[in-house]
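Student: I should like a close look at a single part of this model. Please take one residue as the starting point and work outward from there.

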Amino acid sequence: NTILLNDQFIDREQSSVNIEDRGYQFGDGVYEVIRIYSGKMFTGKEHITRLFESAEKIQLTLPFTEDELTENLYKLVEKNKLDTGIIYLQVTRGVSPRQHQFPLDGKAVFTAYTKEVARPEAQMNEGVTAIVADDVRWLRCDIKSLNLLGNLLAKQEAFSQGSFEAILHRDGTVTEGSSSNVFIIKNNTLYTHPATNLILNGITRREILRLCPGIGLEVKEESFTLDELYEADEVFVASTTAEIMPVIKVGAKAVGSSKPGEWSKKLQETFKASIQEQCGE
Ligand code: PLP
């Protein structure tokens, strides 16, 4: 199994982390997760562009261009003969004696590896449950940062209650999931929180918004409340690995008829067609 370290392909067993890497000590870095279907990146350009944007937002300069990175990621997928799975990629501010301020001579450390991950078909067909949790994170959730403790605590709470996801809210306004964006459908209109500093503008989210007009689903990028979440006709969460995941119960409250809704299913079909179009399954 091969990993990518900066621009070098090395054996996974040969890789190690420096104890003073700022990613390891501070979570000082950014990351991406890219889906691979049939050996091809799905919305790869969007993910790679977002990595560069996240890096710029934390004043981190990447030591390669988007094209160079794309080429190396494809080589990595080929070397590992990955068909269906993900590439995880991250970049940290590198190694320096521990101090909060940025090092003057810092050198970014980039790593990427692949993993086989099947499409979660059973859960997508049957739907999953979610809890709600207070969004206690910072105010730059638009950055795909390695600092994920707020997300982890919420996901752990969901997991300990046997749920798939924690739907986060600030003072009763739904923001996003612990590792997904959140959507509701009410009266044939799709609602999702606008792409502000309070959410990560998911690539899956963007793909969904792009596909809605084609199936005649009206879109409103407007925030909604917990009450509106509970009263929704349909609820789903979306992410690179979970795709479009219907939520059939929020806390103790059933969503609609406790089955994936018609619009959600239609979006899943359209999304699958988009995968086929881009990756030619
Ligand atoms: N929001 C958060 C907090 C996430 O961690 C993720 C993905 O992991 C998303 C949204 C969905 O983003 P994407 O569709 O780009 O995977």
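Tutor: Leu-76 is buried, since 20 other C-beta atoms lie within 10 Å of its own; a residue counts as buried at 20 or more such atoms, as exposed at 12 or fewer, and as partly exposed in between, with C-beta atoms placed from the backbone. The model is a predicted one, in which local features need pLDDT of at least 70 and side-chain atom pairs count only at pLDDT 80 or more, while totals for chains, interfaces and linings use all residues. Residues are numbered from 1 along each chain as its sequence is written.

Leu-76 belongs to helix 3, where helices (H or I, at least four residues) and strands (E, at least two) are DSSP runs numbered from the N terminus. Setting aside neighbours within four places in sequence, Leu-76 is in contact with Thr-2, Leu-4, Ile-87, Ala-112 and Thr-114; contact requires C-beta atoms, placed from the backbone, within 7 Å. The C-alpha atoms of Leu-76 and Ile-208 are separated by 28 Å, with their positions 132 residues apart along the chain.

Helix 3 (residues 66-79) also meets helix 2: their axes come within 10 Å and cross at roughly 125 degrees. Axes here are lines fitted to C-alpha atoms, for helices over the stretch in contact, and angles run from 0 to 180 degrees between N-to-C directions. The two helices are therefore oblique to each other, the term for angles outside the classes roughly parallel (under 35 degrees), roughly antiparallel (over 145) and roughly perpendicular (65 to 115). On the helix 2 side, Gly-44, Ile-48, Thr-49 and Phe-52 meet Glu-66, Leu-69 and Thr-70 of helix 3. These residues divide into three nonpolar, three polar and one charged; Ala, Val, Leu, Ile, Met, Phe, Trp, Tyr, Cys and Pro count as nonpolar, Asp, Glu, Lys and Arg as charged, and the others, Gly among them, as polar.

Helix 2 (44-57) recurs in the surroundings of helix 6, being one of the elements that cover the buried residues of helix 6; strand 13 (234-239), strand 14 (243-250) and helix 8 (262-279) are also included. Those buried residues, in helix 6 (residues 203-211), are Ile-203, Thr-204, Arg-205, Glu-207 and Ile-208. Pro-213 lies in the loop between helix 6 and strand 12 (218-220). Pro-213 is exposed, because 10 other C-beta atoms lie within 10 Å. Its C-alpha atom is separated by 32 Å from that of Asp-134, 79 residues apart along the chain.

How values were computed:
Two residues are in contact if their C-beta atoms, placed from the backbone, lie within 7 Å.
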